[in-house]
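Student: Could we go through this structure together, asking each time what stands behind the words used for it?
Tutor: Gladly; let us have it in front of us.

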There are 2 protein chains.
Amino acid sequence: MKKAEATRLNILQKSFEFIYARGYQNTSIDDILATTQVTKGAFYYHFKNKDEMGLAIINELMKPALTKSFIEPLQNIKNPLDAIYNLIHLLLMENDFLKVEYGCPAANFTQEMTPWNKDFSEALGEIIQEWMKVMTNVIENGKKSGYIHKDVKAKQVAFFVISGYWGIRNFGKLENSKKVYVPYLKELKNYLNTLK
Amino acid sequence: MKKAEATRLNILQKSFEFIYARGYQNTSIDDILATTQVTKGAFYYHFKNKDEMGLAIINELMKPALTKSFIEPLQNIKNPLDAIYNLIHLLLMENDFLKVEYGCPAANFTQEMTPWNKDFSEALGEIIQEWMKVMTNVIENGKKSGYIHKDVKAKQVAFFVISGYWGIRNFGKLENSKKVYVPYLKELKNYLNTLK
DNA sequence: TCTCAATCCTACCAGTTAGTATGTTGTTGT
DNA sequence: ACAACAACATACTAACTGGTAGGATTGAGA
């Protein structure tokens, strides 16, 4: 059971990197086989077809990664506005798993596969809903603890922040430079300060 | 000269719709030929290859469309904050050329082709830079006319607003519903009001 | 009306795609 | 030690991909 699991995981990880860099449709199974040194028979032993592998990437790799990088930094914090800013700063400027030239994996997947693959959309939707939920909670708690003004609508803010994050990721991709992140982050800080 | 031009334009328009809905890589030349009723010979008479057609779509269709729908509404206006809000509202809620389920054509193209096709990136970059420039000017003028606080950094705001627009387009695509646009627009209005 | 280039058409090709059929090898429990 | 199944390997296919070769048709100017 051990080695087979390793083979499967290897396929998922290498495939993710390929897809993150080049897109799902533009990553062929032969590409994956070449980098993993896995044969076609082995691939189709582990996955019924390409889409099942794509779904496994979302559920088994991206979902845990989101929890670790996008959600944990929002937990056990004092000042929610600082926490949100620090999280976005961390994701944009310091996380070296996410590459500026390739954008946001979840956003890429969404843009490429929605609305043509319902399973993908649903799996991605769950991931994003999770982030939304946690961020909304953080803001609500901030209202209770006085860090955030009571009139602030938590869900609206969460939508606004996450949209901005997705958009600036696309901007960075277009310009192929983290330079655009700087003015975005400054304005994000200004915006968050207005919520006090 | 007339009919040939019509053929070319027909190819561009139908191709744009296909690509907007399904992506560039996932739109085959045979797909285009089928819907346009144009033969392969005619296609390759008008375009050296698929990429040249893709570039023509950006430069000859998307660029003018951007000017008309994204830039003109920002010209000859009084209150710049209202103008920006109204523009985004128009684009998200009323423009029936842009479909919620397909997102933003420029963002889609960017995400799919960058960083693999330099020509595409440059052409798309020009389009976005144009929008950025106009929006920055609008904000600067608003500072002079007193509608916007003098401390506001125009370019930062433009980055912030455009990023949000791109992001919420992706959100709409994921949820396949304009519902998500509503909280986003409310918070956009709140944000813009803080710039007074 | 004739010419000739612009425009379009048909048949084809070599490469790539996801997926399958039919095996062989490795491992595990008894 | 051996049966039985998990795990992997090889060779293949049918459909599709972007692109080309070479010929047919059209229309505008002489």
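Student: What makes residues of chain A and chain B count as being in contact, and how many are there?
Tutor: Contact means heavy atoms within 4.5 Å. By that rule 44 residues of chain A are in contact with 44 residues of chain B. A word on conventions: this is a predicted model, in which local features need pLDDT of at least 70 and side-chain atom pairs count only at pLDDT 80 or more, while totals for chains, interfaces and linings use all residues. Residues are numbered from 1 along each chain as its sequence is written, chains are lettered from A and ligands numbered from 1 in the order in which they are written, and side-chain values use heavy atoms, with hydrogens and water left out.

Student: What is meant by the area buried between the chains, and which residues of chain A lose the most?
Tutor: Buried area is the accessible area (1.4 Å probe) that two parts lose on being put together, summed over both. Here that comes to about 4,000 Å², with carbon and sulfur atoms giving 67%. In chain A, the residues that lose the most area to chain B are A:Gln111, A:Phe160 and A:Leu174, together 18% of what that side buries.

Student: How many residue pairs are in polar contact across this interface, and what makes a pair count?
Tutor: The rule finds 14 residue pairs (both at pLDDT 80 or more). A polar contact is a pair of N or O atoms within 3.5 Å; within protein, one must be able to donate a hydrogen and the other to accept it, and residues adjacent in sequence count only if both atoms are side-chain atoms. Salt bridges, which need a side-chain nitrogen of Lys or Arg within 4 Å of a carboxyl oxygen of Asp or Glu, number 0 between chain A and chain B.

Student: Which element gives the largest share of chain A's side?
Tutor: Helix 8 of chain A, with 15 residues. Helices (H or I, at least four residues) and strands (E, at least two) are DSSP runs, numbered from the N terminus; by that rule chain A has 9 helices and 0 strands.

Student: What makes a space a cavity, and how many are there?
Tutor: On a 1 Å grid over the protein atoms alone, a cavity is a set of points where a 1.4 Å probe fits but cannot get out. The count is 4 cavities of 30 Å³ or more, and the largest holds about 360 Å³. It is lined by 30 residues (an atom within 4 Å of a point), and the closest to its centre are A:Asn108, A:Gln111, A:Glu112, B:Gln111 and B:Glu112. Helix 1 and helix 6 of both chain A and chain B each give two or more residues to that lining.

Student: Why is the bond from A:Thr114 to A:Pro115 called cis?
Tutor: Its omega is near 0°. A:Pro115 is in the loop between helix 6 and helix 7 of chain A. In chain B, a cis peptide bond joins B:Thr114 and B:Pro115, with omega about 0°.

Student: What makes B:Gln37 worth a look?
Tutor: Its phi is near 60°, a positive value in a residue other than glycine. Most residues other than glycine have a negative phi. B:Gln37 lies in the loop between helix 2 and helix 3 of chain B.

Definitions and conventions
On a 1 Å grid over the protein atoms alone, a cavity is a set of points where a 1.4 Å probe fits but cannot get out, and a pocket is an open set with protein on both sides within 12 Å along at least five of seven lines; lining residues have an atom within 4 Å of a point. Grid points are joined across faces, edges and corners, and a volume is the space filled by probe spheres set on the points.
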